[in-house]
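Colleague: Could you walk me through this model and tell me how the labels were earned?
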Amino acid sequence: MLKDLIGLRTLFCSLRGVGIKVSAKMSSHESYINLKSHVSTKHRHPAAERNKEPILQALKKYIDVNEKGYFMEISSGSGQHVSHFAPNFTGITFQPTEVEKSSLKSINEYVAECPSGNIKDAQFLDVREPPNMWLGGSLESGSVDYILNVNMMHISEWACSQGLFKGAGELLKKEGYLFTYGPYAFNGSITPESNVNFNASLRAQNPSWGLRDVPRELEPLANANGIFLESKHDLPANNNFLVWRKK
């Protein structure tokens, strides 16, 4: 009980510090119930904070800052990425998506704070569903200019990678871009040792997870869906930014 009261007092102090009024006449239970709705659901992941700028600089090599278009982010996570990218491409409409319900709330907090106003509210999306069911079936074939997927393929089952490339092949415009980011294997080789250990830890958690091999797994999958690897950029922390294009 003492721990709860100390925690509640800390919460009161924090809320007062950001300008939320707390009535001294409320009981502890009433105050908690009343204030719970004010507690942020916004997530902040250190890795996303570190890699958002390198990914942005890679995107700028392929997207003109004055260009117009429709940009779909698949597996948006916390919302840190899309809210960082959108103000740099004000003519582009960004559509974040996520399969995790708690992440949708976080993304929308970032969306609400974005000054450029060119991000739509986050939508639920399970990439394993047929592309004609994505976003409630609202997307027409060949209607998307850009698709971005960050750090999904190695921490999801193979069916998610299959769904990603199938969706890109169906929804991207001709010459449209698919950008993917994360750690990968190349022709059976994983480097450096930290990525080898990371891959082993992923497979120990779930045998269907692990670093995907670009030439052996991803390129054949992509090619079967009309998507072709155009370039590869080495980014910090042993990650790669892969640029794929629909032909």
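Modeller: Sure. The protein has eight helices and seven strands, and bear in mind that this is a predicted model.

Colleague: What makes Trp-158, Ser-161, Gln-162 and Phe-165 of H6 part of a contact with H8?

Modeller: Contact means heavy atoms within 4.5 Å. Those four residues of H6 make the contact with Glu-217, Leu-218, Leu-221 and Ala-222 of H8. As for the geometry, the axes of H6 (residues 158–171) and H8 (residues 214–224) come within 9 Å and cross at roughly 40°, and the crossing is right-handed.

Colleague: How many nonpolar, polar and charged residues does the contact of H6 with H8 have?

Modeller: Five nonpolar, two polar and one charged. Trp and Phe count as nonpolar, Glu as charged, and Ser and Gln fall among the others, so they are polar.

Colleague: Why is the largest set of 28 residues called a nonpolar core?

Modeller: A nonpolar core takes buried residues of types such as Ile, Leu and Phe, joined through side-chain atoms within 4.5 Å, and buried means under 20% relative accessible area. The 28 residues form such a core, so they pass both tests. Ile-55, Leu-59 and Phe-241 are among those with the most contacts inside the core. H3 gives the largest share, four residues.

Colleague: What does Phe-241 contact, leaving aside its neighbours within four places in sequence?

Modeller: Its partners include Ile-55, Leu-59, Phe-179 and His-233. There's also a second, separate core of 27 residues, including Met-72 and Val-144.

Colleague: And what percentage of the protein is buried?

Modeller: Buried residues make up 44% of the 247.

Definitions and conventions
Residues numbered from 1 in each chain as written. Predicted model: local features only at pLDDT ≥ 70, side-chain atom pairs only at ≥ 80, totals over all residues. Heavy atoms only, no water. Axes fitted to C-alpha atoms, helices over the stretch in contact; angles between N-to-C directions. Helix = DSSP H or I, 4+ residues; strand = E, 2+ residues; numbered from the N terminus. Left-handed = near helix turned anticlockwise from the far one by under 90°. Buried < 20%, exposed > 50% of the residue type's maximum accessible area, 1.4 Å probe, protein only.
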